[in-house]
Amino acid sequence: MKSNNMKTPRDVLKNIFGYREFRENQDILIERILNKQDTVIIMPTGGGKSLCYQLPAILFRGSVIVVSPLISLMIDQVTRLKELGISAVYLNSSLTKDEFHNNIRMIKEQKIDLIYAAPETLMIQKTIQLLKNIHIDLIAIDEAHCISEWGHDFRPEYRKLNLLREYFPSAALIALTATATPKVR
């Protein structure tokens, strides 16, 4: 089981992420998320959306699932989080068989704060069963504009993401995007 000595979001912001202050509205959004309130987050590129789920992942008792359509983004974020000493893994088609099994083992042992998954990997029944056996506090759908911009024509599994509420009823659900076209809004 993961352990954490940090007590407040400000402690984590300063001691883990190395920032002195939150960016505009980050503290309000993080407080909502820590209170398990479903939230839609629309911030500009570079506005600090990722911190809104990464920071709570450290304070939550359980794990956070991050749904991401971009393998390169998952790899970059997990690499950076590990450099900060945060336990994070990704599940996607870029992993070797051994890497995938190692990540699964760590998830089963509940040693992971953040679990990044492509929609195709996440919505496989084996993955859902794995995750139903651990405590999930938050599901973050990153790049959420993909759902309304391209939806099932782009990636059919996006159409199944509504099932996450059924599978993980006690988890907060957030959607994040920087692409807020009129259609997305």
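This passage describes a helix pair and a set of paired strands in a predicted model.

The helix pair consists of helix 2, which spans residues 26-34, and helix 3, which spans residues 51-59. The two pack at an angle of about 45°, and their axes lie 9 Å apart. Helix 2 is therefore oblique to helix 3, since an angle of this kind falls outside the ranges that count as roughly parallel, roughly antiparallel or roughly perpendicular. The crossing of helix 2 past helix 3 is right-handed. On the side of helix 2, the contact is made by Gln26, Leu29, Ile30, Ile33 and Leu34; on the side of helix 3, these residues meet Leu51, Cys52, Leu55, Pro56 and Leu59. Sorted by class, the contact of helix 2 with helix 3 comprises 9 nonpolar residues and 1 polar residue, with no charged residues.

The strands are considered next, with strand 5 as the point of reference. Strand 5 covers residues 136-141 and is mostly covered, 6 of its 6 residues being buried. Strand 5 pairs with strand 2, formed by residues 63-67, through 5 bridges, and the two strands run parallel. Within this pairing, Val67 stands opposite Ile141 of strand 5. Strand 5 also pairs with strand 6, formed by residues 172-177, in the parallel sense and over 4 bridges. Here Leu138 stands opposite Ala172 of strand 6. Strand 5 thus takes part in a parallel pairing with strand 2 and in a parallel pairing with strand 6. In a regular strand, side chains alternate between the two faces of the sheet.

Key. Residues numbered from 1 in each chain as written. Predicted model: local features only at pLDDT ≥ 70, side-chain atom pairs only at ≥ 80, totals over all residues. Heavy atoms only, no water. Axes fitted to C-alpha atoms, helices over the stretch in contact; angles between N-to-C directions. Parallel < 35°, antiparallel > 145°, perpendicular 65-115°, else oblique. Left-handed = near helix turned anticlockwise from the far one by under 90°. Contact = heavy atoms within 4.5 Å. Nonpolar A, V, L, I, M, F, W, Y, C, P; charged D, E, K, R; others polar. Buried < 20%, exposed > 50% of the residue type's maximum accessible area, 1.4 Å probe, protein only. Pairing = 2+ DSSP bridges.
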